[in-house]
Amino acid sequence: MVLQATAEENQDIVAGFRFLATLDGRTSAICRSLDGEVFPIDNGPRPPLHINCRSSLVIELKPEYKGRNTDAKRAGKDGAVSAQATYYDWLKTQPASFQEEVLGKQRAQLFRDGGLTAKEFARLQLDKNFKQVRLETLYDAIVQKPVDTRSLKGVSFSYKQLRDKFKHAQEAGIATKPNLDGVESYRKYILEVMNRSETRQFGRYLADKNAKVFYHEPSETVAVFTETNKFLSIWQFEQGSKQHKNYIKTGNLR
């Protein structure tokens, strides 16, 4: 391989190989996610990675030998873009309909609304064997990022815990299955409760005395988070129930 030989002969100025994918709608998940990554000259993926792979490698110079050309371009399906733009940088500039065509509707929604940079999204697409991760795995990584609410800073979730407690979603009027859309609606409901002005920290959760308990009196809703602000559960009391009366009287939540 001529490129390999050239890089090896010039290791004093070569940082590695930069992976280049094609900026259009036919690029595979693995090539999209590797685009722009720089790998050592003696290690890393080497195109073609699959049938009809159109990706390539280019030599990446060490910073001190790159020069000052900040106007370098690379080809895209609609014209030239910055040479520093990765596939997902470029995809962020495309219409939502095209993003859904490339990624699928739910993955595209997470791409737009998940709060991730293009680099973070790319990093979460592949497992250690360069296989595309399941949608649930991607969602789990996104919802674990801390979110500040009015009542509690740094709230985080897990996909598993949201699914485990989804039985309480109907109390919030979320009449859907615990699929990704339903779980996300449930998470948004929990955040909305934690952002209500009447929600306050009150009481103790006897199953975990280090947990934090929050109560929204107008809706008789209680939310429980771990000591490290991870979501545990949320539910609405049955009006006049023994559990509710005991909680109001003693602050003890069972």
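A polar contact is taken here as a pair of N or O atoms within 3.5 Å. With that in hand, a good place to start in this predicted model is Asp35, which sits in the loop between α2 (29–34) and β2 (38–39). Asp35 is tucked away: its relative accessibility is 3%, so it counts as buried. The side chain of Asp35 reaches the backbone nitrogen of Ala21 at 2.7 Å, and a polar atom of that side chain also lies 2.6 Å from the backbone nitrogen of Tyr87. A further partner is Arg74, whose side chain makes a polar contact of 2.9 Å with the side chain of Asp35. Setting aside residues up to four places away in sequence, Asp35 touches Phe19, Leu20, Ala21, Leu23, Arg74, Ala85, Thr86 and Tyr87.

Seen from the other side of that pair, Arg74 belongs to strand β4 (residues 73–76). Arg74 has a relative accessible area of 11% and is therefore buried, as is Asp35 at 3%. Once neighbours within four places in sequence are left aside, the contacts of Arg74 include Leu20, Ala21 and Leu23, along with Ala85 and Thr86; these residues turn up on the contact list of Asp35 too. Arg74 is also in contact with Gly79, Ala80, Val81, Ser82 and Ala83.

Next come the cysteines. Which cysteine sulfur is closest to that of Cys31? The sulfur in Cys53 is, at 3.8 Å, and that is too far for a bond. The view from Cys53 agrees, with its closest cysteine sulfur being the one in Cys31, again at 3.8 Å. A disulfide calls for two cysteine sulfur atoms within 2.5 Å, and by this rule the count comes to 0 disulfides. Both residues are out of the way: Cys31 is buried, with a relative accessible area of 2%, and Cys53 counts as buried at 15% relative accessibility.

Turning to helix packing, α5 (residues 105–113) has two partners worth a look. Against α7 (135–143), the angle is about 15° and the axes are 11 Å apart. Angles under 35 degrees count as roughly parallel, which is why α5 is described as roughly parallel to α7. The contact is made by Gln106, Arg107 and Leu110 on the α5 side and by Leu135, Leu138, Tyr139 and Ile142 on the α7 side. The crossing in which α5 passes α7 is left-handed.

The arrangement with α4 (residues 96–103) reads quite plainly as well: the axes of α4 and α5 come within 7 Å and cross at roughly 125°. That makes α4 oblique to α5, and their crossing is right-handed. Here Ala96, Gln99, Glu100 and Leu103 in α4 meet Lys105, Arg107, Ala108, Phe111 and Arg112 in α5. Arg107 thus appears in the α4 contact as well as in the contact with α7.

Just past α7, Gln144 lies in the loop between α7 (135–143) and α8 (159–164). Is Gln144 buried, partly exposed or exposed? At 43% relative accessibility, Gln144 counts as partly exposed. The side chains of Gln144 and Asp140 are joined by a polar contact of 2.7 Å. Leaving out residues up to four places away in sequence, Gln144 touches Ser156 and Phe157. Between the C-alpha atoms of Gln144 and Val155, 11 residues apart along the chain, the separation is 8.5 Å.

A few backbone details round things off. Pro47 and Pro48 are joined by a cis peptide bond, with omega at about 5°, and Pro48 is found in the loop between β2 and β3 (56–61). Positive phi values also crop up in residues other than glycine. One of these is Phe130, with a phi of about 65°, in the loop between α6 (118–123) and α7. Another is Asn229, where phi is near 75°; Asn229 lies in the loop between β9 (221–225) and β10 (231–236). As for accessibility, Phe130 counts as partly exposed at 36%, whereas Asn229 is buried, with a relative accessible area of 12%.

Methods:
Residues are numbered from 1 along each chain as its sequence is written. This is a predicted model: local features need pLDDT of at least 70, side-chain atom pairs count only at pLDDT 80 or more; totals for chains, interfaces and linings use all residues. Side-chain values use heavy atoms; hydrogens and water are left out. Buried means under 20% relative accessible area, exposed over 50%, partly exposed in between (1.4 Å probe, protein chains only). Helices (H or I, at least four residues) and strands (E, at least two) are DSSP runs, numbered from the N terminus. A polar contact is a pair of N or O atoms within 3.5 Å; within protein, one must be able to donate a hydrogen and the other to accept it, and residues adjacent in sequence count only if both atoms are side-chain atoms. Contact means heavy atoms within 4.5 Å. Axes are lines fitted to C-alpha atoms, for helices over the stretch in contact, and angles run from 0 to 180 degrees between N-to-C directions. Angles under 35 degrees count as roughly parallel, over 145 as roughly antiparallel, 65 to 115 as roughly perpendicular and the rest as oblique. A crossing is left-handed if the near helix is turned anticlockwise from the far one by less than a right angle, and right-handed if clockwise.
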